[in-house]
Protein chains: 2
Amino acid sequence: MNKVLFRVATHQDLPDIVRMLGDDKLGSQRERCEEPLPESYYAAFEQINSDPNHELIVAELDGKAIGTLHLIFLPSISYQGRLRAQVESVRVDREYQNLGIGSEMMQWAIERANERGAHVVQLTTHNSREDAHRFYEKLGFEKSHLGMKLSLK
Amino acid sequence: MNKVLFRVATHQDLPDIVRMLGDDKLGSQRERCEEPLPESYYAAFEQINSDPNHELIVAELDGKAIGTLHLIFLPSISYQGRLRAQVESVRVDREYQNLGIGSEMMQWAIERANERGAHVVQLTTHNSREDAHRFYEKLGFEKSHLGMKLSLK
């Protein structure tokens with residue numbers, strides 16, 4: 001297998017990113033993988049792309065986007081004002097799963113968080129995603145917290 | 001009891017905020033409540049204060065800061081590009097606990113998240129904070145996720 005590259009997503013990657021987010025038991029109920037994509041996705045992309053504390057990442061193999069994650073840097077008063085890193089929306093294309101690409105992508109994100117001086121990488125994963133729990137534990141993450149959500153309108 | 005006011009924190013509130021963060025079984029190991037405060041707190045405050053997606057809030061009673069939370073708005077591709085709200089660093093001054101102030105402060109934050117169009121309010125709370133789990137459940141939060149953390153240097 002050729003080397004997987006990690007880079008910041010462009011506008012042109014959005015259809016691939018939304019397809020990966022939607023191709024999943026939870027994501028399929030949330031996303032609209034239409035052509036053209038609903039405008040709301042592009043509006044969110046512009047906000048993310050213009051904020052230096054957000055890095056929307058794609059993993060690219062042979063010119064194709066096959067993985068994605070959203071890395072966020074959060075300034076915080078706690079821990080003596082140190083920066084946190086947060087990872088959201090991690091996906092690997094169904095056809096490229098179980099090849100170590102997710103792990104490589106997360107290691108890249110951890111390295112990036114280190115470079116920017118974050119003291120922690122935090123994420124939440126749905127209680128039902130047991131494979132993900134094991135995956136993150138192997139990468140050194142601890143199940144120290146409860147993730148709670150309140151849905152609004 | 002007089003009415004509790006909620007407002008965006010100023011530079012002058014930082015010592016009170018850090019004192020509340022540190023006056024806690026977990027926070028006491030993390031914070032340095034010195035006078036003057038370490039410069040790192042002020043640097044973080046400036047970053048938070050200059051970013052419209054961050055709202056560091058204090059609850060004020062009779063001119064005194066007696067509660068704090070950090071409300072963060074996160075643009076996201078998932079959920080059709082809808083905004084998320086995240087709550088971090090929630091504290092009520094020890095002398096004003098069990099008076100409903102934390103609940104009022106969280107309801108204020110939920111209302112604010114609604115106003116800004118967030119589709120969810122998310123937070124994590126340490127596994128050991130069982131009182132907090134019950135507190136957030138009463139407010140309608142669901143224990144749907146596992147919160148995982150990886151400490152860096």
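Residues here count as buried under 20% relative accessible area, exposed over 50%, and partly exposed in between. With that in hand, this predicted model can be walked through, starting with a helix on chain B. At 54% relative accessibility, B:Glu115 falls in the exposed class, while its partner B:Arg112, at 21%, is partly exposed. The two side chains meet in a salt bridge, 2.7 Å from N to O. Both sit in helix α4 of chain B (residues 101–115), and because they are three residues apart there, about one helical turn separates them.

Other charged groups join up as well. A:Asp16, A:Arg19, A:Lys64 and A:Asp93 belong to one network, linked by salt bridges with shared partners. Over all chains, the tally is 30 salt bridges.

One of the pairs goes across the chains: A:Glu88 and B:Arg84 form a salt bridge at 2.8 Å, N to O. A:Glu88 belongs to strand β4 of chain A, and B:Arg84 to strand β4 of chain B (residues 84–92). Neither end is out in the open: A:Glu88 has a relative accessible area of 11% and so is buried, and B:Arg84, at 7%, counts as buried too. Within chain B, the side chains of B:Arg91 and B:Asp24 also meet in a salt bridge, this one at 3.7 Å from N to O. B:Arg91 is in strand β4 of chain B and B:Asp24 in the loop between α1 (14–22) and α2 (39–49), so this pair ties together parts 67 residues apart in sequence. Both of these residues are buried.

Now for the interface itself. Chain A puts in 63 residues and chain B puts in 63 residues. About 5800 Å² of area is buried between the two chains, with carbon and sulfur atoms giving 56% of that. Two salt bridges are counted between chain B and chain A. In one between B:Glu88 and A:Arg84, the closest N and O atoms are 2.7 Å apart. Polar contacts between the chains come to 37 residue pairs, both residues having pLDDT 80 or more. On the chain B side, strand β6 (residues 142–151) supplies the largest share of the touching residues, ten of them. Sorted by class, that side of chain B has 27 nonpolar, 24 polar and twelve charged residues.

Back on chain A, helix α1 has its own set of buried residues: A:Leu14, A:Ile17, A:Val18, A:Met20, A:Leu21 and A:Gly22. The cover over them includes α2, β2 (54–61), β3 (64–74) and β4 (84–92) of chain A, along with α3 (78–81) of chain B.

That leaves an acidic residue without a charged partner. A:Glu31 lies in the loop between α1 (14–22) and α2 (39–49) of chain A. Side chains of opposite charge can pair when their charged atoms come close. A:Glu31, though buried, has no salt bridge, and the nearest side chain of opposite charge, A:Arg30, is 5.4 Å away. What does the side chain of A:Glu31 meet in a polar contact of 2.6 Å? The partner is the side chain of A:Tyr41. Across the interface, a polar atom of the A:Glu31 side chain lies 2.7 Å from the backbone nitrogen of B:Tyr79. Neighbours within four places in sequence aside, the contacts of A:Glu31 include A:Val18, A:Leu21 and A:Gly22 on chain A, and B:Ile77, B:Ser78 and B:Gln80 on chain B.

Key. Residues are numbered from 1 along each chain as its sequence is written. Chains are lettered from A and ligands numbered from 1 in the order in which they are written. This is a predicted model: local features need pLDDT of at least 70, side-chain atom pairs count only at pLDDT 80 or more; totals for chains, interfaces and linings use all residues. Side-chain values use heavy atoms; hydrogens and water are left out. Helices (H or I, at least four residues) and strands (E, at least two) are DSSP runs, numbered from the N terminus. Buried means under 20% relative accessible area, exposed over 50%, partly exposed in between (1.4 Å probe, protein chains only). Lys and Arg count as positive and Asp and Glu as negative; His and the chain ends are not counted. A salt bridge is a side-chain nitrogen of Lys or Arg within 4 Å of a carboxyl oxygen of Asp or Glu. A polar contact is a pair of N or O atoms within 3.5 Å; within protein, one must be able to donate a hydrogen and the other to accept it, and residues adjacent in sequence count only if both atoms are side-chain atoms. Contact means heavy atoms within 4.5 Å. Buried area is the accessible area (1.4 Å probe) that two parts lose on being put together, summed over both. Ala, Val, Leu, Ile, Met, Phe, Trp, Tyr, Cys and Pro count as nonpolar, Asp, Glu, Lys and Arg as charged, and the others, Gly among them, as polar.
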